Amino acid sequence: MSRVPGWLGRLGAGLTEMSERLDERRVEVEQSSDPLAAPAPPTPAPAAERPDTPVEPPPPVRETPPATRRSAPSAAPRPDPAEAVPWGVRVAAEAGWRLLVLAGTVWVLMRVISSVQLVVFAFVIALLVTALLQPTVARLTRRGVPRGIATALTAISGFVVIGLMGWFVTWQVMENIDTLSTQIQSGIDDLRNWLLKSPFHVTDKQINQIAKNLREAIGANTDQITSAGLEGVQVIVDFLTGLLLVFFSTLFLLYDGKRIWEWFLKLVPAAARPGVAGAGPRAWRTLTAYVRGTVLVALIDATFIGVGIYFLNVPMAVPLAVFIFLFSFIPLVGAVASGALAVIVALVTQGVFTAVMTLVVVLAVQQIEGHVLQPFILGRAVRVHPLAVVLTVAAGGMVAGIGGAVVAVPLVAVTNTVVGYLKQYSEELQQQKAPAPPAPASEPENTEDPVHAE
């Protein structure tokens, strides 16, 4: 029998096997591209290769029609809603609700403070007075005076000095009120004559109309003025109550301030107690430096402006100097108000020239104060930007009147010190908790004897 048919049979078997492999590969590719396609039926193993036995062809592979495969829609997974929101919007939302919580907390705190405003102001003023008098108590204690006696002597002396200043101002005003009223009336007449002869072309009719409008305004508001006078009784009662609270609070703070601070630290959570304990002494040093520096600057302002207006023959120069001293505790605004008061008194009593010279004296002293005295005396510990001072005084005045304007700036100075220290303390604490970097691999020490190395 010829060998040609056997060779042809083997060639046909090889081609059949190759065709089967191509079909299997095509089915795998279709299944991987379309997950809904039906799996291909298993392909039977090829028959054993025999030269004399013909190989039967495998059954045809039944393919799924394309229309059937695409009939079921593919279910794409939906993204997370949080991931669909842009990152900037998410950051703004996170910051927004935290700011709302802080604003609500501040609002509630302000409502509570406003309900007990007299007590809060009395305690804050007691803190300021304590910061001024505490160095004297410490000095007396170091010299062997018992702390109770030193506290009593310092507090009583301080309040006596303040009382004498108030009495002196009241006495000077009452003694010179008649002369001052006469000088004011004469000054108004001189001012009227000056306006009539001035280049502003003011007529006598216009001046009379202005005076008439003032009288009508005063007459229309008579009821309000009377009610304000009746409310003055309540103001006097509140003032005396606040004065007693300030006196007793100052006594206890001078005598037992350390124990009060230790008791306050027990109310702070244990985790935050070390930071608060370190911020407290720094805040107290800032407050002490502010109060002592402000008193010294106010005393210098009052002395120089008082001497200047005294030589200009402005009446009640000493009471005006005391007013300047007291108003100097309100930064920026107090200096402007007290200086304007001195200029007005000089204008209505001595004329335009004296008023201009008084204005020159006030501006010169205030310029020296702002550029020399405050930076030199107060120093960097309580330095606050002028814009922050203006905004703080305005906000304090809007919230709580003159008292708020007085305590606003020291509050901001103390807050600035506390926040700066707590930030530094937090950074140092994080550095301590951070794992130490691995030490660099050092070379093995040579333990051989250098003498007998060779």
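Is tyrosine 425 buried, partly exposed or exposed? Tyrosine 425 counts as partly exposed, at 23% relative accessibility, because the partly exposed class lies between 20% and 50%. The model is a predicted one. Its protein chain has 13 helices and zero strands, and 23% of its 454 residues are buried.

**Overall architecture**

- Along the sequence, the pattern of the protein chain reads α-α-α-α-α-α-α-α-α-α-α-α-α.
- Of the contacts in the protein chain between residues at least 6 apart in sequence, 69% join residues at least 24 apart.

**Annotated transmembrane regions**

- An unreviewed UniProt entry places the feature "transmembrane region" at residues 149-169, 235-255, 289-311, 317-337, 344-368 and 388-414.
- Residues 235-255 are 100% helix and 0% strand in the model, and the C-alpha atoms at the two ends of this span lie 30 Å apart.
- Residues 388-414 are likewise 100% helix and 0% strand, with end C-alpha atoms 13 Å apart.

**Helix 9 against helix 13**

- Helix 9 covers residues 273-311 and helix 13 covers residues 386-433; their axes come within 9 Å and cross at roughly 145 degrees.
- The crossing of helix 9 with helix 13 is right-handed.
- On the helix 9 side, the contact is made by Pro274, Gly275, Val276, Gly278, Ala279, Arg282, Ala283, Thr286, Leu287 and Tyr290.
- On the helix 13 side, the residues in contact are Val409, Pro410, Ala413, Val414, Thr417, Val418, Tyr421, Leu422 and Tyr425.
- By residue class, the contact of helix 9 with helix 13 comprises 14 nonpolar residues, four polar and one charged.

**Aromatic pairs**

- The structure holds five aromatic pairs.
- One of them joins phenylalanine 159 and phenylalanine 247, with ring centres 5.1 Å apart and 70 degrees between the planes; this pair is edge-to-face.
- Phenylalanine 159 sits in helix 6 (residues 147-197) and phenylalanine 247 in helix 8 (residues 222-267), so this pair links distant parts of the chain, 88 residues apart.
- Phenylalanine 159 counts as buried, because its relative accessibility of 18% is under 20%.
- Phenylalanine 247 is partly exposed, with a relative accessible area of 24%.
- The tyrosine 421 and tyrosine 425 rings have centres 6.2 Å apart and planes at 25 degrees, so they form a stacked pair, the limit for stacking being under 30 degrees.
- Tyrosine 421 and tyrosine 425 are separated by about one helical turn, because they are four residues apart in helix 13.
- Tyrosine 421 is buried, with a relative accessible area of 16%, whereas tyrosine 425 is partly exposed at 23%.
- Both tyrosines of this pair, Tyr421 and Tyr425, are among the helix 13 residues that meet helix 9.
- Phe159, Phe247 and Phe248 are linked into a cluster by ring pairs.

**Glycine 339**

- Glycine 339 is part of helix 11, which spans residues 333-350.
- The relative accessibility of glycine 339 is 5%, so this residue counts as buried.
- Between glycine 339 and valine 362 the C-alpha to C-alpha distance is 5.9 Å, while the two residues are 23 apart in sequence.

How values were computed: Residues numbered from 1 in each chain as written. Predicted model: local features only at pLDDT ≥ 70, side-chain atom pairs only at ≥ 80, totals over all residues. Heavy atoms only, no water. Buried < 20%, exposed > 50% of the residue type's maximum accessible area, 1.4 Å probe, protein only. Axes fitted to C-alpha atoms, helices over the stretch in contact; angles between N-to-C directions. Left-handed = near helix turned anticlockwise from the far one by under 90°. Contact = heavy atoms within 4.5 Å. Nonpolar A, V, L, I, M, F, W, Y, C, P; charged D, E, K, R; others polar. UniProt positions renumbered as here; feature names shortened; annotations may be inferred. Phe/Tyr/Trp six-rings, centres within 6.5 Å; stacked < 30°, edge-to-face > 60°.
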